[in-house]
Amino acid sequence: MDITVEELKERLEKGEDLHFYDVREEHEYEEDNLGAVLIPLAELPDHLDELSALKDEEIIIHCRSGARSGKAAAFLQSQGYTNVRNVLGGILAYRELEESES
């Protein structure tokens, strides 16, 4: 299941308490981030213990363009996570949306 950048932006602006993760690399995160928790895609299997309480909760995952987060979402779903949402277009689409609104 996916989520659009418009929906994500609206929910972030409302201050919703989200289970929100960024699966890019650390240097990408340091350059620009949306406030998500950083878990690089390659390290995701090592973090399953800390995510286990969220198996039936909504988890939102993003990356640069949506490709890595799509892989992360598929991985989590294969591990029994039932409500994983990939941000379509990633942070690139999010920043593009911001620019179009200003």
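In the predicted model, the side chains of the protein comprise 10 positive and 25 negative groups, and the centres of these two sets lie 3 Å apart. The protein exposes about 5700 Å², of which carbon and sulfur atoms supply 45%. Of its 102 residues, 41% count as buried.

With regard to overall dimensions, the C-alpha atoms of the protein fill a box of roughly 40 × 25 × 20 Å when this is taken along the principal axes. The radius of gyration is 13 Å, which agrees with the value near 13 Å that a compact globule of 102 residues would have. Among contacts between residues at least 6 apart in sequence, 69% join residues that are at least 24 apart.

The secondary structure consists of five helices and five strands, and from the N terminus on these elements run in the order β-α-β-α-β-α-β-α-β-α. The five strands form an open sheet with parallel pairing, in which their order is 1-5-4-2-3. Its edges are formed by strand 1 (2-3) and strand 3 (37-38), each of which pairs on one side only.

Within this sheet, strand 4 pairs in the parallel sense with strand 5 over three bridges, and strand 2 (residues 20-22) likewise pairs in the parallel sense with strand 4 over three bridges. The position of I61 illustrates both pairings, since Y21 stands opposite I61 of strand 4, while in strand 5 the bridge partner of I61 is N86. Strand 2 also pairs with strand 3 in the parallel sense, here over two bridges, and D22 has L38 of strand 3 as its bridge partner.

In a regular strand the side chains alternate between the two faces of the sheet. In strand 4 (residues 59-62), both faces are covered, with I59 and I61 buried on one side and I60 and H62 buried on the other.

A charged residue is also found under cover in strand 5 (residues 84-87), where R85 is located. The relative accessibility of R85 is 10%, and R85 therefore counts as buried, given that the cut-off for this class is under 20% relative accessible area. When its neighbours within four places in sequence are left aside, R85 is in contact with M1, D2, I3, E7 and R11, and also with E58, I59, I60 and I61. Of these partners, I59, I60 and I61 are among the buried residues of strand 4.

Outside the strands, L44 is placed in the loop between strand 3 and helix 3 (48-51). With a relative accessible area of 4%, L44 is buried. Apart from its neighbours within four places in sequence, L44 is in contact with I39, L51, A72, F75 and L76. One of these partners, L76, is 32 residues away from L44 in sequence, whereas the C-alpha atoms of the two residues are 8.8 Å apart in space.

Key: Residues are numbered from 1 along each chain as its sequence is written. This is a predicted model: local features need pLDDT of at least 70, side-chain atom pairs count only at pLDDT 80 or more; totals for chains, interfaces and linings use all residues. Side-chain values use heavy atoms; hydrogens and water are left out. Helices (H or I, at least four residues) and strands (E, at least two) are DSSP runs, numbered from the N terminus. The radius of gyration is taken over C-alpha atoms; the globule rule is 2.2 Å times the number of residues to the power 0.38. Buried means under 20% relative accessible area, exposed over 50%, partly exposed in between (1.4 Å probe, protein chains only). Contact means heavy atoms within 4.5 Å. Accessible areas come from the Shrake-Rupley method with a 1.4 Å probe; for residues, only the protein chains shown count as cover. Lys and Arg count as positive and Asp and Glu as negative; His and the chain ends are not counted. The place of a charge is taken as NZ of Lys, CZ of Arg, CG of Asp or CD of Glu. Two strands pair if DSSP finds at least two bridges between them.
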